[in-house]
Amino acid sequence: MYYKKLLFALLAVTLGTAKAQQRIPEVEALLQKMTLEEKIGQLNLLTPGGGVATGEVVSKNVEAKIKAGEVGGLFGVTGPDKVRVAQELAVKNSRLGIPLLIGSDVIHGYKTTYPIPLGLASSWDMDLVRQAAQMAAKEATADGINWNFSPMVDIARDPRWGRIAEGAGEDPYLGSRIAEASIKGYQGDDLAAAHTVLACVKHFALYGAAEAGRDYHSVDMSKIKMFNQYLPPYKAAVDAGVASVMSSFNDVDGIPATGNKWLLTDLLRDKWGFNGFVVSDYTSLNEMIPHGLGDLQAVSALALNAGLDMDMVGEGFLTTLKKSLEEGKVTEEAITTACRRILEAKYVSGLFDDPYRYLDSKRPAKDILTKENRALARTLAAHSFVLLKNENQILPLQKNTKIALVGPLADSRNNMLGTWAPTGDVSLAVTILEGFKNVAPNATIQYAKGANISDDPVFAEHVNVFGPRIEIDKRSPEMMVAEAVALAKNSDVVVAVVGEATEMTGEAASRTDISIPESQKILIRALVATGKPVALVLMSGRPLTIPDELGLPVAILQVWHPGVEAGNAIADVVFGDYNPSGKLTVTWPRNVGQIPIYYSAKNTGRPAPESDEFQKFRSNYLDSPNSPLLPFGYGLSYTNFEYSNLKLDKTTIGQGESISATVTVINTGNFEGEEVVQLYLKDEVRSITPPKRELKGFQKVLLKKGESKEVTITLSPDDLKFYNSQLDFVSEPGAFQIFVGTNSDAQLSQSFELK
């Protein structure tokens, strides 16, 4: 009820003052009572410290500022009792008693952490994505939080960029569906309910396209590329009713996003109809100073006039807006508008009705880290794993096998949760060694570390900012490898858990070398040389360059960073209790020289042969094929699936009509399994150069051994549209080709014509 009321009222605001009487009366009455200083105070978001900060600034004199009405929200404070203290300062000790928004970064689970977003996206299961967000919201609200800085929907096509771990990958269609599912899970149908949170889509906009894969770096692209490839997931979030938007650190068309009027007002509000509020990223307002846009007063005025409503941590609004108003650099109307948006968000959250609705001290014990929540986290993790290779069907293992479990991540509790899990507790994580013992108690399991994650102490120091993630053993590398090899020779099979520590990806964790560290490569080669079957459990927060490892006679199971139930979920898949069904949502390059590489690239006027045969004066490399190591949408199963009989319900359609493709999928292997049926569309001729193909639909189906199903995927009229050179969203008459299959290299095809 509250949510519907707010949406109606906010829509009236965007239509102009003629509809002012339809605004929320309680908010308008409060605005009439507020001083200028109190309005500016609502635009101030602070952190008292104690949580994980993403910058160097921690707010000072927070209690005094709350009492003075100079704070609109807090983050970094959790727990019903602690939040109550802060809320009572605002409600009982400030002049108007306006309650606080309480925010947090709940990126992939609250206390019950589940796979990093890149991993969860690999499930291609929108119901699981929604359930995951719903569980996170329930746990977060049990701990007093009512606003979540998630989901991150940045398209990322450069795996050097550490924050690729936080998003859904390279594709705008899949990213849009995941954005919608996440917001539905976080916000539900009633934002005033005690188990839902305000979602905050981020980072608006284009943050995932940072040059050189370096965090916080500049972004420069055409508007055609923006609208067709990078903006769709943000728009999908707005269309799904997201309550708030966070601006990004980068510039857009030469203007930092936090002060970019075209981005925050012309596009977000006027074109897309966004009705919520916009918050800066951590001190991104202040960071416009080193960007070269002026002093704190100048950039604060720029941000307000651009459409920013709330300043995270930097206090530029708090300390300069009054002076800027006196000097005519901002208007009181702009301040009031921003304040109104913050107050309306508090109203829709039910905070004016009951400031303490999220502060039930009984809820943490009954809603956080429950048996049911951990079971869901285990399911989410198992569904996120991607089987990259399975030489000689090494996997799944028998539960009575003699196993050498080796590798620096096999018994590393500190590396199970993944990057950006500040609310998680690493001590509660299940290691792979523990998971193997839990799932296969009759197996004989011998463990050896085998190698350090990295032998480089300087690199380890960079990674270990948030605690020991890379621990360099006192033993020599040669001694550790020898121990692992000895165990391998005395075992039936080797499982080597290798890859990245959690903080080798994430914010401020870009890498120029995205291969497995040499210390672990040496270990892998030594294990394979024993002649024993070897299964690699590969843990990372990004695509890695693994051509050497993929060329070895091994099985490779990509498990990302799986969360608190990591060990149990990995064991479930390794021992066959769950057949892996994940598919890659980012193309895996052969080497960093291919980056950026993505399946929907354009063809060029001199395309290279599809066979990867080198031809001079074609768009290819002298020293590497164009094709990736692993394509978008790729993922194997313990069983096999065959596709046949692709047919369309029409061969010609008119403007505004839908078209459906039906394909038969058969499970021809020996296991029950799930397959993600993927549909790609190629527009043969356009007024602007088209991509080679684009994902436009998918469906995940469960097939028993020997079972076949007809799978139908329908394309809507919008699926045939694109943004043309005038940025109009149009479809153009002509020929189209549909491809259906198991990944972006699908060859089964049919054609149709749009009149």
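**Exercise 1. The lining of the largest cavity**

Determine how the residues that line the largest cavity of this predicted model divide into nonpolar, polar and charged.

*Solution.* Begin with the chemical classes: the lining divides into 15 nonpolar residues, five polar ones and two charged ones. Next, place the lining in the chain, where the helices α6 (117–121), α7 (126–142) and α8 (172–187) each supply at least two residues, and where α8, with four residues, gives the largest share. Then turn to the centre of the cavity, to which P117, P151, E166, I178 and S182 lie nearest among the 22 lining residues. Finally, add the volume, which is about 240 Å³ for this largest cavity, and note that the count comes to four cavities of 30 Å³ or more.

**Exercise 2. Two buried salt bridges**

Decide for the salt bridges R363–D367 and R511–E500 whether the partners are buried or exposed, and state where each pair lies in the chain.

*Solution.* In the first pair, the closest N and O atoms of R363 and D367 are 2.8 Å apart. Both residues belong to helix α16 (residues 363–367), where they stand four residues apart, about one turn of the helix. The cut-off for buried is a relative accessible area under 20%; R363 has 8% and is therefore buried, and D367 has 10% and is therefore buried as well.

In the second pair, the side chains of R511 and E500 meet at 2.6 Å, N to O. This pair links distant parts of the chain, with R511 and E500 both in the loop between β14 (493–499) and α21 (518–529), 11 residues apart. R511 is buried, with a relative accessible area of 10%, and E500, at 1% relative accessibility, counts as buried too.

**Exercise 3. A salt bridge with unlike partners**

Classify the accessibility of D548 and of K521, whose side chains meet in a salt bridge.

*Solution.* The N to O distance between D548 and K521 is 3.5 Å. The pair links distant parts of the chain, since D548 lies in helix α22 (residues 547–550) and K521 in helix α21, 27 residues apart. With a relative accessible area of 49%, D548 is partly exposed, whereas K521, at 9% relative accessibility, counts as buried. To set the pair in context, the count comes to 43 salt bridges, and K449, D473, R475 and E483 are linked in a network of such bridges.

**Exercise 4. Aromatic rings and the charges over them**

Describe the geometry of the aromatic pair F75–Y282, and find the charged side chains that sit over the rings of Y173 and W262.

*Solution.* A pair of aromatic rings is described by the distance of the centres and the angle of the planes. The count comes to 21 aromatic pairs. In one of them, F75 and Y282 lie 6.0 Å apart, centre to centre, with 80° between the planes, and the pair is edge-to-face. This pair links distant parts of the chain, with F75 in strand β2 (residues 73–75) and Y282 in the loop between β9 (277–279) and α12 (288–291), 207 residues apart. Both F75 and Y282 are buried.

For the charges, R177 lies over the face of Y173, at 4.7 Å from the ring centre, and Y173 itself belongs to an aromatic cluster with W124, Y599, F632, Y680 and F698. Over the ring of W262 sits the charged end of K223, 4.5 Å from the centre of that ring.

Methods: Residues numbered from 1 in each chain as written. Predicted model: local features only at pLDDT ≥ 70, side-chain atom pairs only at ≥ 80, totals over all residues. Heavy atoms only, no water. Phe/Tyr/Trp six-rings, centres within 6.5 Å; stacked < 30°, edge-to-face > 60°. Buried < 20%, exposed > 50% of the residue type's maximum accessible area, 1.4 Å probe, protein only. Lys NZ or Arg CZ within 6 Å of the ring centre and 35° of its normal. Salt bridge = Lys/Arg side-chain N within 4 Å of Asp/Glu carboxyl O. 1 Å grid on protein atoms, 1.4 Å probe; cavity = no way out; pocket = protein on both sides within 12 Å on 5 of 7 lines; lining within 4 Å. Points joined across faces, edges and corners; volume = space filled by probe spheres on them. Nonpolar A, V, L, I, M, F, W, Y, C, P; charged D, E, K, R; others polar.
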